[in-house]
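Hi,

Here is the structure I promised to pass on. Have a look at it first, and then read on for what turned up in it.

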Amino acid sequence: MKIIAIVICLSMSFGVGMPFSYAESNYTPPEQSKEELYQDIFVSLLMPHIEKAVDNYYKDFLTESPTVYPYFVDVLTAERIQGYRSFDFLVKLKVVPVVGPHIGVGIDHLTFRIGGTGTVEMTKFQHIKTFELPAHWKRIMKYR
């Protein structure tokens, strides 16, 4: 888990002219940049926490757990909570869980607090939007 803190520091330090905190909504790093590479590593390390949070939310609505693919996760904001060179981070992600052949079930915002020792705590789960499932997938809905 210590690697998560290291990856965050590295990915944030490679942004050209970017301050110690980046909070640009829908920001996409340049293709094949080191920033994109580190962001992808970072999201990959968070995937078990993301999947657990998504499973916990959707279990009340679906009989089948949705899948979250790393390429359907966007970093909305990332900041150092206690200022420059501190190792306590708050990261907000946009997640689009899917079922079957990439059928989106919704949009969710997950906020994680990540400590320098590798601790990861979800501080907020916000369901933003529910997508209508196609007729042949309505069978997995608990409430029709």
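Before the pockets, a word on the term: a pocket here is an open set of grid points where a 1.4 Å probe fits, with protein on both sides within 12 Å along at least five of seven lines. Its volume is the space filled by probe spheres set on those points. Please keep in mind that this is a predicted model.

With that in hand, the largest pocket holds about 230 Å³ of space. Its lining counts 14 residues, and Phe61, Leu62, Thr130, Phe131 and Met141 are the ones nearest the centre. Helix H2 and strand S6 (120-130) each put at least two residues into that lining. Sorted by class, the lining has 9 nonpolar, 2 polar and 3 charged residues.

The second largest pocket comes to about 170 Å³. Among the residues that line it are Tyr27, Pro29, Glu36, Asp40, Val43, Tyr71 and Asp74. Both H2 and S1 supply at least two lining residues here, and H2 gives the most, with 4 residues. The classes split into 7 nonpolar, 2 polar and 3 charged.

Now the overall layout. The protein has 2 helices and 6 strands, and from the N terminus on they run α-α-β-β-β-β-β-β. Of its 144 residues, 42% are buried. If you take the contacts between residues at least 6 apart in sequence, 54% of them join residues at least 24 apart.

What sits in the core? Nonpolar side chains tend to be buried together in soluble globular proteins. In this model the largest nonpolar core has 27 residues, and Ile50 and Leu93 touch the most other members. Helix H2 (34-58), S1, S2 and S5 each bring at least two residues to this core, with the largest share, 8 residues, coming from H2. Which residues does Ile50 contact, leaving aside its neighbours within four places in sequence? They are Val43, Val68, Val73, Leu93, Val95, Leu110 and Phe112. Val43 and Val73 may ring a bell, as both also line the second largest pocket.

Next, the charged pairs. Side chains of opposite charge can pair when their charged atoms come close. How many salt bridges are there? The count is 2.

One of them joins Asp88 and Arg113, with 2.3 Å from N to O. Asp88 belongs to strand S2 and Arg113 to strand S5 (residues 106-115), so this pair ties together parts that are 25 residues apart in sequence. Is Asp88 buried or exposed? Asp88 counts as buried because its relative accessibility is 13%, and the cut-off for buried is under 20%. Its partner Arg113 is partly exposed, at 33%.

The other salt bridge is between Glu132 and Lys138, at 2.2 Å from N to O. Here Glu132 is exposed, with 65% relative accessibility, while Lys138 is partly exposed at 27%.

Right beside Asp88 in sequence there is another spot to look at. Phe87 sits in the loop between strand S1 (73-80) and strand S2 (88-95). With a relative accessibility of 37%, Phe87 counts as partly exposed. The C-alpha atoms of Phe87 and Thr117 are 8.2 Å apart, and these two residues are 30 residues apart along the chain.

Last, a couple of backbone points. Most residues other than glycine have a negative phi. Arg85 goes the other way, with a positive phi of about 65°. Arg85 is in the loop between S1 and S2 and is partly exposed, at 47% relative accessibility. Gln32 also has a positive phi, near 60°. Where is Gln32 found? Gln32 lies in the loop between helix H1 (2-13) and H2, and with a relative accessible area of 75% it is exposed.

If you want a place to start, open the view on Ile50 and its contacts, among them Leu93 and Phe112. From there, go on to the Asp88 and Arg113 salt bridge.

Cheers

Key:
Residues are numbered from 1 along each chain as its sequence is written. This is a predicted model: local features need pLDDT of at least 70, side-chain atom pairs count only at pLDDT 80 or more; totals for chains, interfaces and linings use all residues. Side-chain values use heavy atoms; hydrogens and water are left out. Buried means under 20% relative accessible area, exposed over 50%, partly exposed in between (1.4 Å probe, protein chains only). A salt bridge is a side-chain nitrogen of Lys or Arg within 4 Å of a carboxyl oxygen of Asp or Glu. A nonpolar core is a set of buried Ala, Val, Leu, Ile, Met, Phe, Trp, Tyr and Cys residues joined through side-chain atoms within 4.5 Å. Contact means heavy atoms within 4.5 Å. On a 1 Å grid over the protein atoms alone, a cavity is a set of points where a 1.4 Å probe fits but cannot get out, and a pocket is an open set with protein on both sides within 12 Å along at least five of seven lines; lining residues have an atom within 4 Å of a point. Ala, Val, Leu, Ile, Met, Phe, Trp, Tyr, Cys and Pro count as nonpolar, Asp, Glu, Lys and Arg as charged, and the others, Gly among them, as polar.
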